[in-house]
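Where does the ligand of this protein sit, and what surrounds it there? The paragraphs below take up the site step by step.

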Amino acid sequence: ANPQVKGKTFTIGTDVTFPPFEFANKNNKYVGIDMDLIRAIANEQGFKVKIKALGFNAAVQAVESGQADGVIAGMSITNARKAQFDFSKPYFNSGVVMAVAKNSKIHKLSELRGKKVAVKTGTSGADYANSLKKKYGFKVVTFDDSNNMYQDVTTGNSIACFEDHPVMQYAIKQGTKLKIVTKPALNAPYGFAVKKGHNQALLKAFNTGLEDLKASGTYDTIKAKYLGSDE
Ligand code: GLN
């Protein structure tokens, strides 16, 4: 165990539903790559975690306001966020894709003119859509979680959504009636984050734990549990 964090309890904010990284299982327990990872690291480093599934934007804000000690929520490490947060070493690569209804003919940004596009508040997908909406002439509608965003597209209210590639792929595999039509953009890895200049012992413990889990093969086991062995 790590004497800097040993016996301490940290409040960790996360998304409400972002499989395969965090989601409630049948017993209403939060599982997924992020959840298994933070628990395994806590276990190895000797600290405890209190997981709070607040929603992505709320979790990020809870860390900023000091109501949570850290956030693990498939959070992309970006330069803009580095002004407010200190990030761990990266643990998973991701990027933003556009998805449309399974039977849709839309397959590129230039076909979005005059249409509505669904995004999740505070995400890189939302940033991406907002940076393109003027050029391509579409409207952006926001949701607090991924399920509601997908639903807005499957019901036909929005023509497309912007979501993280591994998450969209997983949802489609699980039966969400959408398809991915673009290559990943804004590629950036996920990291665990604390408020800038705060909770440095926790951040260090995360990095040490992550390194140990990678070395022992536990990190690969966690990934394989949710994604299969070929990812
Ligand atoms: N990776 C994206 C971001 O950091 C989305 C995260 C999420 O929706 N949980 O903004």
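In this predicted model, the space that the ligand takes up is the largest cavity. The structure holds 1 cavity of 30 Å³ or more, and about 90 Å³ of space lies in the largest cavity. Among the 14 residues that line the largest cavity, Phe18, Gly74, Thr123, Ser124 and Asp164 are the closest to its centre.

The view from the ligand itself adds to this picture. Around the ligand there are 13 residues, of which Gly74, Arg81, Lys120, Ser124 and Asp164 are the closest. Sorted by class, this shell comprises 5 nonpolar, 4 polar and 4 charged residues. The shell also draws on two parts of the chain, since at least three of its residues come from domain 1 (9-91 + 191-227) and at least three from domain 2 (94-187).

Which polar atoms of the protein lie beside nitrogen or oxygen atoms of the ligand? On the side of the ligand's nitrogen atoms, a polar side-chain atom of Asp15 lies 2.8 Å from one nitrogen atom, and a polar backbone atom of Gly74 is 2.7 Å from a nitrogen atom of the ligand. For oxygen, a polar backbone atom of Ser124 is found 2.7 Å from an oxygen atom of the ligand. Taken alone, the ligand would expose 300 Å², and the protein buries 99% of that area.

Two residues named here link the two views of the site: Gly74 and Ser124 are listed among the residues closest to the ligand, and both are also listed among those closest to the centre of the largest cavity.

Note on methods:
Residues are numbered from 1 along each chain as its sequence is written. This is a predicted model: local features need pLDDT of at least 70, side-chain atom pairs count only at pLDDT 80 or more; totals for chains, interfaces and linings use all residues. Side-chain values use heavy atoms; hydrogens and water are left out. A residue is near a molecule or strand if one of its heavy atoms lies within 4 Å of it. A polar contact is a pair of N or O atoms within 3.5 Å; within protein, one must be able to donate a hydrogen and the other to accept it, and residues adjacent in sequence count only if both atoms are side-chain atoms. Accessible areas come from the Shrake-Rupley method with a 1.4 Å probe; for residues, only the protein chains shown count as cover. On a 1 Å grid over the protein atoms alone, a cavity is a set of points where a 1.4 Å probe fits but cannot get out, and a pocket is an open set with protein on both sides within 12 Å along at least five of seven lines; lining residues have an atom within 4 Å of a point. A molecule sits in a cavity or pocket if more than half of its atoms lie within 2 Å of its grid points. Ala, Val, Leu, Ile, Met, Phe, Trp, Tyr, Cys and Pro count as nonpolar, Asp, Glu, Lys and Arg as charged, and the others, Gly among them, as polar. Domain bounds come from an automatic or database domain assignment. Grid points are joined across faces, edges and corners, and a volume is the space filled by probe spheres set on the points.
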